[in-house]
Amino acid sequence: MARARSTKGLESALGYTFQDRATLERALTHASTRTERDGPQDNERLEFLGDRVLGLTIAELLVELDPSASEGVLAKRFNRLVRRETCAKVGRSL
């Protein structure tokens, strides 16, 4: 019941209701919390996919915003935006 309350709070904060509760639970389950091999699935595969979606989205935006920028310039901007600290700062602000 506590988990249901916390996900309702998350949904309220996001202004979005998740339809697939199992995927939501998986997304919120860190690998370090698993105690048994066949326990609930963790979020590592979703994290892998999310990292790729974020990378592609940022790369596309950078190219659109500055079409004449060199690959080196774009790479530096990209790395500043997708690094852990920047993503954490954005996450905290949300």
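Which helix holds Val63? Val63 belongs to helix 3. The legends below return to that residue after the fold and the pockets. The model is predicted.

**Figure 1. Overview of the chain, a run of helices without strands.** The chain contains 5 helices and 0 strands. Read from the N terminus, its elements follow the order α-α-α-α-α. Of the 94 residues in the chain, 13% are buried. The accessible surface amounts to about 7,800 Å². Carbon and sulfur atoms account for 57% of that surface. Take the contacts between residues at least 6 apart in sequence: 8% of them join residues at least 24 apart.

**Figure 2. The largest pocket, with about 470 Å³ of space.** The lining is made up of 14 residues. Closest to the pocket centre are Leu54, Cys87, Val90, Gly91 and Leu94. Three elements are to be found here with two or more lining residues each: helix 1 (2–14), helix 3 (44–65) and helix 5 (84–93). By class, 10 lining residues are nonpolar, 3 are polar and 1 is charged.

**Figure 3. The second largest pocket, with about 160 Å³ of space.** Its lining consists of Glu47, Gly50, Asp51, Leu54, Val82, Arg84 and Cys87. Helix 3 and helix 5 each give at least two of these residues. The largest share comes from helix 3, with 4 residues. By class, the lining divides into 3 nonpolar, 1 polar and 3 charged residues. Leu54 and Cys87 appear in this lining, and both also stand among the residues closest to the centre of the largest pocket.

**Figure 4. Close-up of Cys87, a residue of helix 5.** Is Cys87 buried or partly exposed? Cys87 is partly exposed, because its relative accessible area is 33%, which falls between the limits of 20% and 50%. Beyond the residues up to four places away in sequence, Cys87 touches Leu54, Leu81 and Val82. The pair Cys87 and Leu54 is separated by 33 residues in sequence. In space, their C-alpha atoms are 10.0 Å apart. Of the residues touched, Leu54 and Val82 also line the second largest pocket.

**Figure 5. Close-up of Asp42, in the loop between helix 2 (21–27) and helix 3.** Asp42 has a relative accessible area of 12% and is therefore buried, the cut-off being under 20%. What does the side chain of Asp42 reach at 2.9 Å? The partner is the backbone nitrogen of Glu44. With neighbours within four places in sequence set aside, Asp42 is in contact with Arg26, Thr29, His30, Ala31 and Arg34.

**Figure 6. Close-up of Thr29, also in the loop between helix 2 and helix 3.** Thr29 is buried, because its relative accessible area is 10%, and buried means under 20%. Which residues does Thr29 contact, leaving aside its neighbours within four places in sequence? They are Gln41, Asp42 and Asn43. The contact with Asp42 links this view to the previous one. Both Thr29 and Asp42 are buried.

**Figure 7. Close-up of Thr17, in the loop between helix 1 and helix 2.** Thr17 has 48% relative accessibility, so it counts as partly exposed. The limit for exposed is over 50%. How far apart in space are Thr17 and Thr7, C-alpha to C-alpha? The distance is 9.4 Å. Along the sequence, Thr17 and Thr7 are 10 residues apart.

**Figure 8. Close-up of Val63, in helix 3.** Val63 counts as partly exposed, because its relative accessibility is 45%. Val63 and Leu74 are 11 residues apart in sequence. Their C-alpha atoms lie 7.4 Å apart in space. Helix 3, which holds Val63, also contributes to the lining of the largest pocket and to that of the second largest pocket.

Methods. Residues are numbered from 1 along each chain as its sequence is written. This is a predicted model: local features need pLDDT of at least 70, side-chain atom pairs count only at pLDDT 80 or more; totals for chains, interfaces and linings use all residues. Side-chain values use heavy atoms; hydrogens and water are left out. On a 1 Å grid over the protein atoms alone, a cavity is a set of points where a 1.4 Å probe fits but cannot get out, and a pocket is an open set with protein on both sides within 12 Å along at least five of seven lines; lining residues have an atom within 4 Å of a point. Grid points are joined across faces, edges and corners, and a volume is the space filled by probe spheres set on the points. Ala, Val, Leu, Ile, Met, Phe, Trp, Tyr, Cys and Pro count as nonpolar, Asp, Glu, Lys and Arg as charged, and the others, Gly among them, as polar. Buried means under 20% relative accessible area, exposed over 50%, partly exposed in between (1.4 Å probe, protein chains only). Contact means heavy atoms within 4.5 Å. Accessible areas come from the Shrake-Rupley method with a 1.4 Å probe; for residues, only the protein chains shown count as cover. A polar contact is a pair of N or O atoms within 3.5 Å; within protein, one must be able to donate a hydrogen and the other to accept it, and residues adjacent in sequence count only if both atoms are side-chain atoms.
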